[in-house]
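I opened this notebook to keep track of what I looked up, step by step, for someone who has not seen this structure before.

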Amino acid sequence: MTDLTQHWRLAFDNKFLGAWNLWKGDRYLTATVTIERVAHETVTMQGGRKEPGTLIYFKGKRVPMILTKTMGKVLQSMHGPVPKGWEGKSITLYVERGFKTRDGLADVLRIRNDRAGQGLKDQLRGGAPDDGPPEPPEQ
């Protein structure tokens with residue numbers, strides 16, 4: 001029997017990780033997961049359409065996540081452009097609510113960019129000696 005206190009999508013056999021997997025009680029949570037492997041596979045979409053896709057498998061999770069361009073850009077900024085280099089890395093998933101899709105508004109999975117603002121953080125901590133022109137001497 002389905003637990004009617006959980007997200008309605010959990011009543012179905014979902015082949016991919018989605019926002020519904022982060023629903024607990026009455027809200028979405030975040031989840032830190034470790035990338036086990038990245039694979040290019042043929043993905044069967046809603047309606048039976050098949051297309052090539054990149055899937056991310058996580059340690060301890062039974063279903064993979066479909067990599068979107070937005071998520072790929074975040075992973076590149078955090079761990080480089082080569083998907084093989086993402087394996088073994090930990091990432092934090094969260095849900096963006098009300099994202100506009102061609103089918104209407106939806107809650108979608110996102111990857112938190114832990115490196116966002118890293119240049120500013122480095123500057124505030126003193127940074128590396130070669131990150132910009134030197135300060136003018138005091139007079």
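The entries below go from the sheet to one of its residues and then to a pocket.

**Entry 1, the model.** Before anything else I noted that this is a predicted model, and I kept that in mind for each entry.

**Entry 2, the sheet.** I looked up how the strands are arranged and found an open sheet of five strands, in the order S5-S4-S3-S6-S7, with antiparallel pairing. S5 and S7 are at the edges with a single partner strand each, so one side of each has no neighbour in the sheet. As background I wrote down that strands of a sheet pair through backbone hydrogen bonds, either parallel or antiparallel.

**Entry 3, the pairs around S6.** I then followed S6 to its partners on either side. Between S3 and S6 I found antiparallel pairing over four bridges, and in this pair valine 33 has isoleucine 91 in S6 as its bridge partner. S6 and S7, also antiparallel, are joined by seven bridges, and these two strands make a hairpin with two residues between them. For this hairpin I noted two bridge partners in S7: leucine 105 for lysine 100, and isoleucine 111 for leucine 93.

**Entry 4, arginine 110.** Is arginine 110 buried or exposed? I found a relative accessibility of 11% for arginine 110, which therefore counts as buried, the cut-off being under 20%. Arginine 110 belongs to strand S7, which covers residues 104-111. Its side chain makes a polar contact of 2.8 Å with the side chain of glutamate 96. When I set aside the neighbours within four places in sequence, the residues in contact with arginine 110 were Thr70, Thr92, Leu93, Tyr94, Glu96 and Phe99.

**Entry 5, the largest pocket.** I turned next to the largest pocket, for which I noted a volume of about 1500 Å³. Its lining consists of 39 residues, and those nearest its centre are Trp20, Met45, Gln46, Ile66 and Val108. The elements giving two or more residues to this lining are strand S3 (31-44), strand S4 (50-58), strand S5 (65-66), helix H1 (69-79), strand S6 (90-101) and S7. Which element gives the largest share of the lining? I found that S7 does, with seven residues. Sorted by class, the lining holds 19 nonpolar, eleven polar and nine charged residues.

**Entry 6, looking back.** What I take from these pages is that S7, an edge strand of the sheet, holds the buried arginine 110 and also gives the largest share of the lining of the largest pocket.

Terms used
Residues are numbered from 1 along each chain as its sequence is written. This is a predicted model: local features need pLDDT of at least 70, side-chain atom pairs count only at pLDDT 80 or more; totals for chains, interfaces and linings use all residues. Side-chain values use heavy atoms; hydrogens and water are left out. Buried means under 20% relative accessible area, exposed over 50%, partly exposed in between (1.4 Å probe, protein chains only). A polar contact is a pair of N or O atoms within 3.5 Å; within protein, one must be able to donate a hydrogen and the other to accept it, and residues adjacent in sequence count only if both atoms are side-chain atoms. Contact means heavy atoms within 4.5 Å. On a 1 Å grid over the protein atoms alone, a cavity is a set of points where a 1.4 Å probe fits but cannot get out, and a pocket is an open set with protein on both sides within 12 Å along at least five of seven lines; lining residues have an atom within 4 Å of a point. Grid points are joined across faces, edges and corners, and a volume is the space filled by probe spheres set on the points. Ala, Val, Leu, Ile, Met, Phe, Trp, Tyr, Cys and Pro count as nonpolar, Asp, Glu, Lys and Arg as charged, and the others, Gly among them, as polar. Two strands pair if DSSP finds at least two bridges between them.
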